[in-house]
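Thank you all for making time this morning. Please bring up the sequence and the structure on your screens, and I will walk through the parts that I would like us to look at together.

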Amino acid sequence: MPASGLERKISTINTENINLTKDPQHSNGAQKLNQNVRREWNIKPSKISARTHNRIRGIVESLKIKPNPDKPMIPLSIGDPTTFGNLRASDETMLAVQRCIEGGKYNGYAHSQGHEEARRAIAKYSAHQSAEEIKTENILMCSGCSAALEYCILALCDSGQNLLVPRPGFCLYQTLAEGLDIEIRYYDLLPERQWEADLRQLESLIDEKTAALLINNPSNPCGSVFTQKHLEDILDICERNYLPIIADEIYEHLVFPGSKFIAISSLSKNVPVLTCSGTTKRFLVPGWRMGWVIVHDRENRLAQAVVGLKNMCGRILGSNSIVQGALPEMLEKTPKSFFDSVINVLSANARLAYRILKKVRGLNPIMPDGAMYMMVGIDIEHFPAFKSDTQFVQELVNEQSVFCLPGACFECPNFVRIILTVPGDMMKEACMRMALFCEAHFKSDETIIEHGLLD
Ligand SMILES: *Cc1c(COP(=O)(O)O)cnc(C)c1O
């Protein structure tokens, strides 16, 4: 099999070479034929690269922050759960990779869709996603969930089409789509309804150029987990409008006691779903870059697009083969007690932060049901010293050395996102400092009016 792949590659290279030599620009008369030939080093970035921006980076770099030197910095902004050392990958997870390296069997390229035995392990691990057996041919292993999402967007959307994404939402969707000149259309998630989508508004965004609907459940940044009823309502809309779904379920199973995660693919009868997940968050190994797409398409509605999706795997010749080799053991042996202990840390932090911040005048934390984050609303009109969530965040760092991500990073003004992955005492300290900060700057309605009169 690898030989035939190689042959195919060689044959494409040869044709390209032949084409090049026939190209008049490459023949001897090139200088005369083409007046626009380059005469100096004036190299511009490609359109795709010039259009590609990471919103969080942009906003964070524009902040003018100088942490208070008297208080140690607490970064409640960092999405990487391994940063603080309190959450570590399980021994079983790490041993699996260690053994795979020692065995020396996984130093070569894998099949571009991934090693068969790794995909078999993912099929078993992901059984909750489908009533039917998941076939390994419908699994594509990728370099992280990010690449899984990129392949899905590339396979389903053309430039000039649009993609529906949640607001507030993870900014990667925008980064990936905008570079490719795919329009992003935001459907709103409603804080007063536990961040359920505003379905009427969502459906009103759909037109003939809408290529797909992207959902993220459990959600970053909201920490919300959709109910079965809500997922069914979303499926109804997609069925009515012939829209495939890209489901970012990287936080699958990461839900707090009392909540239940349901994979949207498990409820879908007719709507094709491309589910993206990986080991990054649940196994606490973001640097390992291991993600995957599972195609759920009972009725074969996406058959042609799936050919395209598989083509995408050829772009980087497959993902990290060491982690692929370790995957069967990792998925099998990492104990439930490990996952439970991670969830305990996250949900204890959520309860602690909620309890403290709920009492603070001007703040409205929204209790999450899963993932690793909490959104906290800011009554910005009660903080006349600050014009926006961004300025609020900036001054919070300067006075209290606590850094949250401003809602602007998620297209969600007047909120901040805090992470729940810090050690408990740090969580408490950070929330107490946020309370102090808000008490110092909060102005009730009367004082705002008084100030107005004095101006
Ligand atoms: C972290 C995250 C990803 C990216 O995961 P990687 O496996 O690190 O690429 C994708 N989607 C969401 C919502 C995330 O929070």
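**A walk through the fold**

Let me begin with a helix, and let me say at once that this is a predicted model. Helix H8, residues 172-179, lies across three strands, namely strand E3 (162-167), strand E4 (183-190) and strand E6 (210-216), and H8 runs at about 160° to E4.

Those three strands belong to an open sheet of 8 strands with mixed pairing, and if you read across the sheet the order is E2-E9-E8-E7-E6-E3-E4-E5. Its edge strands are strand E2, residues 139-142, and strand E5, residues 196-197, each of which pairs on one side only.

Let us stay with E3 for a moment, and take its two neighbours in turn. On one side, E3 and E4 are paired in the parallel sense over 6 bridges, and within that pairing Leu163 has Ile184 of E4 as its bridge partner. The chain gets from E3 to E4 by way of H8, and this β-α-β crossover is right-handed. Further along the pair, Arg167 stands opposite Asp188 in E4. With E6, the pairing of E3 is again parallel, here over 3 bridges, and Asn162 is the residue that stands opposite Thr210 in E6.

Arg167 deserves a second look, since the peptide bond leading from Arg167 to Pro168 is cis, with omega near 0°. Pro168 itself is found in the loop between E3 and H8, and that is the connection we have just followed, from E3 through H8 to E4. There is also a cis peptide bond joining Asn217 and Pro218, where omega is about -15°, and Pro218 has its place in the loop between E6 and helix H10, residues 228-241. If you intend to use these coordinates as a starting point, those are the two peptide bonds I would ask you to look up on your own screens.

Now to the end of the sheet where E5 sits. E4 and E5 pair in the antiparallel sense over 2 bridges, with Ala197 of E5 as the bridge partner of Leu189. The hairpin that these two strands make has 5 residues between the strands. Which residue in that hairpin takes a positive phi? The residue is Gln194, with phi near 55°, and Gln194 is a residue other than glycine; Gln194 lies in the loop between E4 and E5.

Elsewhere in this sheet, strand E7 (residues 245-248) and strand E8 (residues 273-278) pair in the parallel sense over 4 bridges, and there Ile246 stands opposite Leu274 in E8.

Let me turn to the ligand. There are 13 residues around the ligand, and of these Gly144, Cys145, Ser146, Asn220 and Thr280 come nearest. Which helix gives the most to this shell? Helix H7, residues 144-156, does so, with 3 residues. When the shell is divided by class, there are 4 nonpolar, 7 polar and 2 charged residues.

The second sheet is an open one of 4 strands, antiparallel in its pairing, and the order is E10-E11-E14-E13. Strand E10 (363-366) and strand E13 (405-406) stand at its edges with a single partner strand each, so one side of each is left without a neighbour in the sheet. E13 is joined by 2 bridges to strand E14, residues 415-419, and the two run antiparallel; Leu405 has Arg417 of E14 as its bridge partner.

Finally, let us step back to the chain as a whole. The domain assignment gives domain 1 as 55-86 + 337-454 and domain 2 as 91-333, and the C-alpha centres of the two lie 29 Å apart. Across the boundary, 27 residues of domain 1 are in contact with 28 residues of domain 2. On the side of domain 1 that touches domain 2, at least two residues are supplied by each of helix H4 (55-62), helix H14 (336-358) and strand E11 (373-378), and H14 gives the most, with 6 residues. What classes do the residues on that side divide into? They comprise 17 nonpolar, 5 polar and 5 charged residues.

That is where I will stop, and I am glad to go back to any of these places on the screen.

Terms used
Residues numbered from 1 in each chain as written. Predicted model: local features only at pLDDT ≥ 70, side-chain atom pairs only at ≥ 80, totals over all residues. Pairing = 2+ DSSP bridges. Contact = placed C-beta atoms within 7 Å. Axes fitted to C-alpha atoms, helices over the stretch in contact; angles between N-to-C directions. Near = placed C-beta within 6 Å. Nonpolar A, V, L, I, M, F, W, Y, C, P; charged D, E, K, R; others polar. Domains from an automatic or database assignment. Right-handed = clockwise from strand over helix to strand, strands pointing away.
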